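This briefing is meant to be read beside the sequence and the three-dimensional view. It takes up charge, overall build, salt bridges, surface patches and a few single residues in turn.

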Amino acid sequence: MEAVPLIFTSGWASGINAYAVVLLLGLFGRFGGADSVPPALERTDVLVAAGVLFLCEAVLDKIPYVDSLWDVAHTFIRPVAGATVGALLASHDPGSLGEVAAGALGGTTALLSHGVKAGLRMAVNTSPEPASNILLSLSEDLSVAGLVTLAVFHPWLAASTAAVLLALGLLIVWFAVSRIRRFWLRRRERRRARAAAA
């Protein structure tokens, strides 16, 4: 049961930035003395690959529209990363949760948070200035770093925070989608009214 909050939090964070999750967990395991991190994430090749990919994401994620293309490409990668990290965490703590269940929990949570991130990014990309995009990307990076760090030392508090953030994100995306849908319906009705008047 000990690994469950770490699996949930790492799944949520993987949906936002999977490479940062792997990098941070690996660094905490290797240099921070975190016993909950499996040795597979502490390997040098894993840390180097995660570091390089994190740097790519850190740059590309701040460019309007490029970030949405990056998100589309990562619609499969982030949930798989969340599932893989979840399964590794479960295998490292055998009494907590089966690897398949842990993978499902991590992957599903990653898919949900990725959907929230991608949806919010598409909404932010409609603004003409790049500052909001950069600020949102930085806040995502900081929240991932903060929650993964918190999860290593206080897993239940981190999982509770991730659950609240996920619920808020889903509500915001639902609200944004309903507003956009209403806008398109009004626009269609105005076009029909103009066509009928002409």
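The chain carries 16 positive and 14 negative side chains, and the centres of these two sets lie 21 Å apart. The model is a predicted one, and every value below is computed from it. The chain has six helices and zero strands, and the points that follow are grouped by topic.

**Overall build**

- Read from the N terminus on, the elements of the chain run α-α-α-α-α-α, and the C-alpha atoms fill a box of roughly 75 × 30 × 25 Å when this is taken along the principal axes.
- Of the 198 residues in the chain, 41% count as buried, while the accessible surface comes to about 10,400 Å², with 74% of that area belonging to carbon and sulfur atoms.
- Among the contacts in the chain with a separation of 6 or more, 72% are accounted for by residues that stand 24 or more positions apart.

**Salt bridges between parts of the chain**

- Side chains of opposite charge can pair when their charged atoms come close.
- In this model the count of salt bridges comes to ten.
- The side chains of R78 and E57 meet in one salt bridge, at 2.9 Å from N to O, and this pair links distant parts of the chain, since R78 belongs to helix α3 and E57 to helix α2, 21 residues apart.
- R78 counts as buried because its relative accessible area is 0%, and E57 is likewise buried, with a relative accessible area of 1%.
- E57 also forms a salt bridge with K117, in which the closest N and O atoms are 3.7 Å apart; this pair connects E57 in helix α2 with K117 in helix α4, distant parts of the chain that are 60 residues apart.
- Both partners of that second pair, E57 and K117, are buried.
- A further salt bridge joins the side chains of D141 and K62, at 3.0 Å from N to O, and here the link runs from D141 in helix α5 (residues 131-153) to K62 in the loop between α2 and α3, 79 residues apart.
- D141 and K62 are both buried.
- Through salt bridges that share partners, E57, D61, D67, D71, R78, K117, R121 and E140 are joined into one network.

**Surface patches**

- A patch of positive charge is gathered on the surface by R179, R182, R186, R187, R190, R191 and R194.
- One of these arginines, R186, is found in helix α6 (residues 155-197), where R186 counts as partly exposed because its relative accessibility of 47% falls between the cut-offs of 20% for buried and 50% for exposed.
- A nonpolar patch on the surface is formed by V164, L168, L171, I172, W174 and F175, which together have about 660 Å² of accessible area.
- L168, a member of that nonpolar patch, lies in helix α6 and counts as partly exposed at 46% relative accessibility.

**Single residues worth locating in the view**

- Is S113 buried or exposed? S113 lies in helix α4 (residues 99-124) and is buried, because its relative accessible area of 1% is under the 20% cut-off.
- Leaving aside the neighbours of S113 within four places in sequence, this serine is in contact with G11, W12, G15, I16 and L166.
- Y65 is found in the loop between α2 (44-60) and α3 (66-92), and this residue has a positive phi of about 70 degrees although it is not a glycine.
- With a relative accessibility of 54%, Y65 counts as exposed.
- L170 is found in helix α6 and counts as partly exposed at 38% relative accessibility.
- L170 and S160 are ten residues apart in sequence, and their C-alpha atoms are 15 Å apart in space.

Key. Residues numbered from 1 in each chain as written. Predicted model: local features only at pLDDT ≥ 70, side-chain atom pairs only at ≥ 80, totals over all residues. Heavy atoms only, no water. Helix = DSSP H or I, 4+ residues; strand = E, 2+ residues; numbered from the N terminus. Buried < 20%, exposed > 50% of the residue type's maximum accessible area, 1.4 Å probe, protein only. Contact = heavy atoms within 4.5 Å. Patch = residues over 30% accessible without salt bridge, like charges linked within 9 Å, V, L, I, M, F, W, Y side chains within 5 Å. Areas by Shrake-Rupley, 256 points an atom, 1.4 Å probe, with all protein chains shown as cover. Salt bridge = Lys/Arg side-chain N within 4 Å of Asp/Glu carboxyl O. Lys, Arg positive; Asp, Glu negative; His and termini not counted. Charge placed at Lys NZ, Arg CZ, Asp CG, Glu CD.
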